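These are my notebook entries on one structure. I looked up a few residues and then the whole chain.

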Amino acid sequence: MEPWITSLITDTPQEGYELAIKLARMGVKYTQPDPDIRSKLRPVYENDADSLTLVSQVIAIHFQTVAAANNYWK
């Protein structure tokens with residue numbers, strides 16, 4: 001796979017949050033590289049509150065990492 005992370009540094013917290021979402025999505029893509037299987041699994045978790053809560057948690061963890069890398073945009 002082609003490298004896609006060039007930096008964790010972003011100009012704004014919004015850009016940092018978007019990067020955190022991308023990190024979470026790419027984690028899923030690396031874990032399950034088959035797009036057909038990912039498509040089949042999506043209906044299972046997209047309506048499950050627990051799964052959606054866990055997704056939010058993963059994004060929050062990535063956002064903590066990005067925020068720290070950006071010195072909390074101070």
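**Entry 1: Asn70**

I looked up Asn70 first and found that this residue is buried, with a relative accessible area of 10%. Buried means under 20% relative accessible area, exposed means over 50%, and partly exposed lies in between, with a 1.4 Å probe and protein chains only. I note that this is a predicted model, in which local features need pLDDT of at least 70 and side-chain atom pairs count only at pLDDT 80 or more, while totals for chains, interfaces and linings use all residues. Residues are numbered from 1 along each chain as its sequence is written, and side-chain values use heavy atoms, with hydrogens and water left out.

Asn70 sits in the segment after helix 3 (49–69). Helices (H or I, at least four residues) and strands (E, at least two) are DSSP runs, numbered from the N terminus. I then checked the side chain of Asn70, which reaches the backbone oxygen of Val66 at 2.8 Å. Setting aside neighbours within four places in sequence, I find Asn70 in contact with Leu8, Ile9 and Thr10. Contact means heavy atoms within 4.5 Å.

**Entry 2: Thr10 and Asn71**

I followed the contact to Thr10, whose place is in the segment before helix 1 (13–31). Is Thr10 buried or exposed? Thr10 counts as buried, because its relative accessibility is 12%.

The side chain of Thr10 makes a polar contact with the side chain of Trp73 (3.2 Å). A polar contact is a pair of N or O atoms within 3.5 Å; within protein, one must be able to donate a hydrogen and the other to accept it, and residues adjacent in sequence count only if both atoms are side-chain atoms. A polar atom of the Thr10 side chain also lies 3.1 Å from the backbone oxygen of Thr12. Not counting residues up to four places away in sequence, Thr10 touches Glu15, Gly16, Leu19, Asn70 and Trp73.

I looked up Asn71 as well, which is in the segment after helix 3. Asn71 is partly exposed, at a relative accessible area of 48%. From C-alpha to C-alpha, Asn71 and Ile9 are 9.3 Å apart in space, though 62 residues apart in sequence.

**Entry 3: the salt bridge**

How many salt bridges does the structure hold? I find one. A salt bridge is a side-chain nitrogen of Lys or Arg within 4 Å of a carboxyl oxygen of Asp or Glu. Glu46 forms it with Arg42, and the closest N and O atoms are 3.3 Å apart. Side chains of opposite charge can pair when their charged atoms come close. Glu46 is partly exposed at 35% relative accessibility, and Arg42 is partly exposed at 45%.

**Entry 4: a surface patch**

I noted a nonpolar patch on the surface, formed by Ile37, Leu41, Val44, Tyr45 and Leu52. Helix 2 (residues 35–45) gives the largest share of this patch, four residues. Leu52 is in helix 3 and is partly exposed, with a relative accessible area of 38%. Patches are made of residues with over 30% relative accessible area and no salt bridge: like charges are joined within 9 Å, nonpolar side chains (Val, Leu, Ile, Met, Phe, Trp, Tyr) within 5 Å.

**Entry 5: the whole chain**

I closed with the protein chain, which has three helices and zero strands. Buried residues make up 15% of its 74 residues. Among contacts between residues at least 6 apart in sequence, 63% join residues at least 24 apart. The C-alpha atoms fill a box of roughly 40 × 30 × 15 Å, taken along the principal axes.

Definitions and conventions
Accessible areas come from the Shrake-Rupley method with a 1.4 Å probe; for residues, only the protein chains shown count as cover.
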